[in-house]
Amino acid sequence: RTAKQKREAGNQPPAEDEKFWAQIVPPASAQPAPATSQEPVASQETYLLVEGFPTSWSEAQLRATFLAFGGVERLTYVPDSRYGRIAKIILKDSAKMEQVVKELHGSKVGDGDVVEECVLNCKITSAAVQKKEEEARKKREEKEARKLYRADVRKRREEARKEKERLDKPKEPQEP
């Protein structure tokens with residue numbers, strides 16, 4: 001069920017006729033094995049960047065989330081400081097990526113019983129776009145660091161000037 005349908009149902013677990021089970025089976029020996037978290041995504045490929053899923057989710061649970069969109073061709077985990085890990089996902093039907101973002105971005109998935117609930121964040125990107133975003137982030141961080149450095153230098157100069165004025169100030173003689 002969608003988040004809206006779940007709210008309309010009073011956040012009750014799905015009825016038996018609403019449940020479905022999916023089994024991820026290993027590919028036949030004649031077919032190449034799907035990519036796992038060990039294989040990198042090629043630099044020119046467009047992929048989904050998925051954030052927000054709990055670290056308790058296995059690869060099978062993440063793959064099952066995308067079954068309604070034709071399934072996952074390749075999944076790669078990437079460490080992330082905010083979420084622990086994020087996933088780069090290439091769908092078997094790349095035309096469905098827009099639909100995934102439209103339906104899953106910002107939506108709550110999981111039932112809270114069998115599959116831990118979470119809010120997924122999805123966006124379409126590529127390695128080239130990621131590289132540009134990373135470069136822009138680094139530039140912003142460097143600019144902020146320079147700004148803080150200049151403020152610190154100004155502060156130290158002002159403190160040194162005040163200290164020099166204090167030392168250069170003639171002392172008034174004390175009367176006994």
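Is Glu-134 buried, partly exposed or exposed? At 33% relative accessibility, Glu-134 lands in the partly exposed class. The legends below walk through that residue and several other spots in this predicted model.

**View 1. Glu-134 and Arg-137 form a salt bridge within helix H4.** Zoom in on the pair and you'll find the closest N and O atoms 2.2 Å apart. The two residues sit 3 apart in helix H4, so about one helical turn separates them. Like Glu-134, which is partly exposed at 33%, Arg-137 counts as partly exposed, here with 30% relative accessibility.

**View 2. Farther along helix H4, Glu-163 and Arg-166 meet in a salt bridge.** The N to O distance for these side chains is 2.5 Å. Again the partners are 3 residues apart in the helix, which puts about one helical turn between them. Their accessibility classes are worth a look: Glu-163 is partly exposed, with a relative accessible area of 37%, while Arg-166 counts as exposed at 52%. Elsewhere, Glu-134, Arg-137 and Glu-141 are joined into one network by salt bridges that share partners.

**View 3. A salt bridge links Lys-123 to Glu-133.** Here the side chains meet at 3.2 Å, N to O. Lys-123 belongs to strand S6 and Glu-133 to helix H4, so this pair ties together parts that are 10 residues apart in sequence. Lys-123 is partly exposed at 35% relative accessibility, and Glu-133 is partly exposed too, at 37%. If you're keeping a tally, a search of the whole structure turns up 9 salt bridges.

**View 4. Thr-125 sits buried in strand S6.** The strand covers residues 121-126, and Thr-125 has a relative accessible area of just 3%. What does Thr-125 touch, leaving out residues up to four places away in sequence? Its contacts are Glu-45, Thr-46, Tyr-47, Leu-49 and Gln-130.

**View 5. Cys-118 and Cys-122 stay unbonded.** Why is there no disulfide between Cys-118 and Cys-122? The sulfur of Cys-118 is 9.6 Å from the closest cysteine sulfur, the one in Cys-122, and that is too far for a bond. For scale, a disulfide would need the two sulfur atoms within 2.5 Å. Looking from the other side gives the matching result, since the closest cysteine sulfur to Cys-122 is that of Cys-118. Both residues are tucked away from solvent by the accessibility criterion: Cys-118 counts as buried at 7%, and Cys-122 is buried at 3%. The structure as a whole holds 0 disulfides.

**View 6. Lys-108 in strand S4 comes up against residues from elsewhere in the sequence.** Strand S4 is made of residues 108-109. Not counting residues up to four places away in sequence, Lys-108 touches Ala-3, Glu-117, Cys-118 and Val-119. That list includes Cys-118, one of the cysteines in View 5. Lys-108 and Thr-2 are 106 residues apart in sequence, yet their C-alpha atoms are 7.9 Å apart in space. With a relative accessible area of 45%, Lys-108 is partly exposed.

**View 7. Strands S2 and S3 pair up as an antiparallel hairpin.** Strand S2 spans residues 72-80 and strand S3 spans residues 84-91. How many bridges join the two strands? There are 8 of them. The hairpin gets from S2 to S3 through 3 residues. To find your place in the ladder, look for Val-78, which stands opposite Ile-86 in S3.

**View 8. Confidence varies along the chain.** The chain averages a pLDDT of 80, and 80% of the residues score at least 70. Among the elements, helix H4 (residues 127-168) has the highest mean pLDDT, at 90, while helix H1 (residues 3-8) has the lowest, at 77. Over residues 29-39 the pLDDT drops below 50, though this stretch still has 18 contacts in the model beyond near neighbours in sequence. Where pLDDT is low, the predicted coordinates should not be read in detail.

Methods
Residues are numbered from 1 along each chain as its sequence is written. Side-chain values use heavy atoms; hydrogens and water are left out. Two strands pair if DSSP finds at least two bridges between them. Helices (H or I, at least four residues) and strands (E, at least two) are DSSP runs, numbered from the N terminus. pLDDT is the predictor's confidence in each residue, from 0 to 100. Contact means heavy atoms within 4.5 Å. Buried means under 20% relative accessible area, exposed over 50%, partly exposed in between (1.4 Å probe, protein chains only). A salt bridge is a side-chain nitrogen of Lys or Arg within 4 Å of a carboxyl oxygen of Asp or Glu.
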